[in-house]
Amino acid sequence: CEEARSISIFETLIKMGHIPTRKSQKEAWFLSPLRSETEASFKISFRLNRWYDFGIGKGGNVIDLVCLILNCSVAEALAYLSEGIPVSNSSLNSQIRSKEIEPANKIWKILPIEHKMLKRYL
């Protein structure tokens with residue numbers, strides 16, 4: 001666990017497909033990987049290698065984060081972190097597959113194209 005805690009939270013989130021909305025030398029801000037939101041309230045401190053989600057009031061180390069994102073045990077999170085990919089544990093794989101991912105964009109209505117420059121372009 002001690003060795004795993006030194007793994008970069010920033011790099012782990014990047015490998016999981018999460019992109020920061022802001023980044024400085026001291027910290028990075030993300031849209032929360034734990035819930036749906038439109039303004040970044042998930043902060044990573046590079047100095048401490050800790051995260052904090054202001055929307056839910058929780059924070060911790062990289063192991064805590066992987067456990068929450070993948071809904072898995074500490075042992076499964078350690079296996080994930082040691083290889084950088086989900087372990088071949090059938091319960092973990094089914095949890096990852098069944099995890100509901102809400103799309104960031106929603107289609108409210110579909111209209112015909114009316115703008116003449118857009119029609120010309122197409």
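**Notebook: patch, strands and salt bridges**

**Entry 1: the nonpolar patch.** I began on the surface, where Ile-113, Leu-118, Tyr-121 and Leu-122 make a nonpolar patch of about 470 Å². For my own reference, patches take residues with over 30% relative accessible area and no salt bridge, joining like charges within 9 Å and nonpolar side chains (Val, Leu, Ile, Met, Phe, Trp, Tyr) within 5 Å. The areas are Shrake-Rupley values with a 1.4 Å probe, and for residues only the protein chains shown count as cover.

A note on the source before going on: this is a predicted model, in which local features need pLDDT of at least 70 and side-chain atom pairs count only at pLDDT 80 or more, while totals for chains, interfaces and linings use all residues. Residues are numbered from 1 along each chain as its sequence is written, and side-chain values use heavy atoms, with hydrogens and water left out.

Back to Ile-113: I found this residue in the loop between α5 (90–98) and α6 (116–121). Helices here are DSSP runs of H or I with at least four residues, strands are runs of E with at least two, and both are numbered from the N terminus. Ile-113 has a relative accessible area of 41%, so I list it as partly exposed. My scale is buried under 20% relative accessible area, exposed over 50%, and partly exposed in between (1.4 Å probe, protein chains only).

**Entry 2: walking the strands.** Next I followed the strand pairings, where a pair needs at least two DSSP bridges. Strand β1 (residues 20–23) runs antiparallel to β2, and three bridges join them. Arg-22 sits opposite Trp-29 of β2. The β1–β2 hairpin leaves three residues between its strands.

From β2 I moved on to β3, again antiparallel, with four bridges. Here Ala-28 faces Ile-44 in β3. β3 is in turn joined to β4 by four bridges, and these two also run antiparallel. Phe-42 has Asp-53 of β4 as its bridge partner.

The last pairing I looked up was β4 with strand β5 (residues 58–60), antiparallel over three bridges. Trp-51 stands opposite Gly-60 of β5. Four residues separate the strands of this hairpin, and Gly-57 in the turn has a positive phi of about 70°.

**Entry 3: which side chains of β4 are buried, and which are not?** The side chains alternate along the strand: Trp-51 and Asp-53 point to one face and are buried, whereas Arg-50 and Tyr-52 point to the other and are not.

**Entry 4: salt bridges.** How many salt bridges does a search of the whole structure find? I got three, counting a side-chain nitrogen of Lys or Arg within 4 Å of a carboxyl oxygen of Asp or Glu.

One of them pairs Glu-27 with Lys-43, at 3.4 Å from N to O. Glu-27 belongs to strand β2 (residues 27–30) and Lys-43 to strand β3 (residues 42–45), so this contact ties together parts that are 16 residues apart in sequence. Both ends are partly exposed: Glu-27 has a relative accessible area of 24%, and Lys-43 has 26%.

Arg-35 has two partners on my list. With Glu-37, the closest N and O atoms are 3.1 Å apart. With Asp-53, the N to O distance is 2.6 Å. Asp-53 lies in strand β4 (residues 50–53) and Arg-35 in the loop between β2 and β3, so this pair links parts that are 18 residues apart in sequence. Through shared partners, Arg-35, Glu-37 and Asp-53 become one network.

Are the members of that network buried or partly exposed? Arg-35 is partly exposed at 26% relative accessible area. Glu-37 counts as buried at 18%, and Asp-53 counts as buried at 0%.

**Entry 5: two asparagines with positive phi.** I also noted backbone angles. Asn-49 is not a glycine, yet its phi is positive, about 50°. This residue sits in the loop between β3 and β4, a hairpin with four residues between the strands. Asn-49 has a relative accessible area of 16%, so I call it buried.

Asn-71 is the other entry: a positive phi of about 55°, again without being a glycine. I located Asn-71 in the loop between α3 (62–70) and α4 (74–83). Its relative accessibility is 56%, so Asn-71 goes down as exposed.
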